[in-house]
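Trainee: Could you show me how to read pockets and salt bridges in a model? I would like the general idea and then the case at hand.

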Amino acid sequence: VCSKSFAHSNGLVVHQRIHTGEKPYSCEVCSKSFARSNGLVVHQRIHTGEKPYSCEVCSKSFTQSNSLILHQRTHTGERPYSCEVCSKSFAHNNVLVVHQRTHTGEKPYSCEVCSKSFTQGNSLILHQRTHTGERPYSCEVCTKSFARSNVLVVHQRTHTGEKPYSCDVCGKSFSKRNNAKRHQQIHSEVIPYQCDVICEYSSTSTSSNSSFSSAL
């Protein structure tokens, strides 16, 4: 079909299943089937909870060896995938692929309802919920539901009282990162949204008042 060649006959047999769709290895628990036996072995760990690959640094364990390799980069800081345009580097190849779309403008995931397109598949999934109204993440305390898991996490803090973001200057804590950033501007005296007209008026007014005071 595709003229691809293999050194061993069993490699050809497995490859041909891509064309035939044959999946001879089935899970006895959920009946999901796979083209390769090792695919079934990895899948079965979902049911057994087995995670044979452990990180020597933090002891976190994984069902697949490649998941462990990717995790270890959080400790080593290794980023082997680099963008040829801006030289930014990444620990995951798929993150590089998504990043490159910021340069190419490619948005391969399109909404069938409104035709809006996205660079990532999960962004499309989240967007589609604006049309379907789906809110799969529910609060166990008040049953309020949300379209995004991170919004649920923030909401749950209204029940737990957790405030993980603290001000470095005065120690005041907040449940939302943005609120902490806005608060810190009080200490730094940074005013991010400032009208030039008002500032000029204020400056002139202050100057006039000073002159008036001197005259007195």
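Mentor: Let's go through the annotated domains, the pocket and the salt bridges in turn. Keep in mind that this is a predicted model.

Trainee: Which residues does UniProt place under "domain: C2H2-type"?

Mentor: The unreviewed UniProt entry puts that feature at residues 1–24, 25–52, 53–80, 81–108, 109–136, 137–164 and 165–192. Take residues 137–164 as one of these: the end C-alpha atoms lie 21 Å apart, and the span is 43% helix and 14% strand. Residues 25–52 also come to 21 Å between end C-alpha atoms, with 43% helix and 14% strand.

Trainee: How is empty space found, and what lines the largest pocket?

Mentor: Rolling a probe the size of a water molecule over the atoms shows where empty space is left. Here, the largest pocket holds about 160 Å³. Its lining includes N150, H155, R157, Y165 and K176. Helix 6, residues 149–160, is the main contributor, with 7 residues. By class, the lining has 4 nonpolar, 4 polar and 2 charged residues.

Trainee: R157 is in that lining. Which residue does R157 meet in a salt bridge?

Mentor: The partner is E162, at 3.8 Å from N to O. R157 counts as buried because its relative accessibility, 13%, is under 20%. E162, at 43%, is partly exposed.

Trainee: How many salt bridges are there by this rule?

Mentor: The count is 6. Among them, R129 pairs with E134 at 3.6 Å; R129 is buried at 13%, while E134 is partly exposed at 41%. Another joins E106 to R101 at 3.7 Å, with R101 buried at 12% and E106 partly exposed at 41%.

Key:
Residues numbered from 1 in each chain as written. Predicted model: local features only at pLDDT ≥ 70, side-chain atom pairs only at ≥ 80, totals over all residues. Heavy atoms only, no water. 1 Å grid on protein atoms, 1.4 Å probe; cavity = no way out; pocket = protein on both sides within 12 Å on 5 of 7 lines; lining within 4 Å. Points joined across faces, edges and corners; volume = space filled by probe spheres on them. Helix = DSSP H or I, 4+ residues; strand = E, 2+ residues; numbered from the N terminus. Nonpolar A, V, L, I, M, F, W, Y, C, P; charged D, E, K, R; others polar. UniProt positions renumbered as here; feature names shortened; annotations may be inferred. Salt bridge = Lys/Arg side-chain N within 4 Å of Asp/Glu carboxyl O. Buried < 20%, exposed > 50% of the residue type's maximum accessible area, 1.4 Å probe, protein only.
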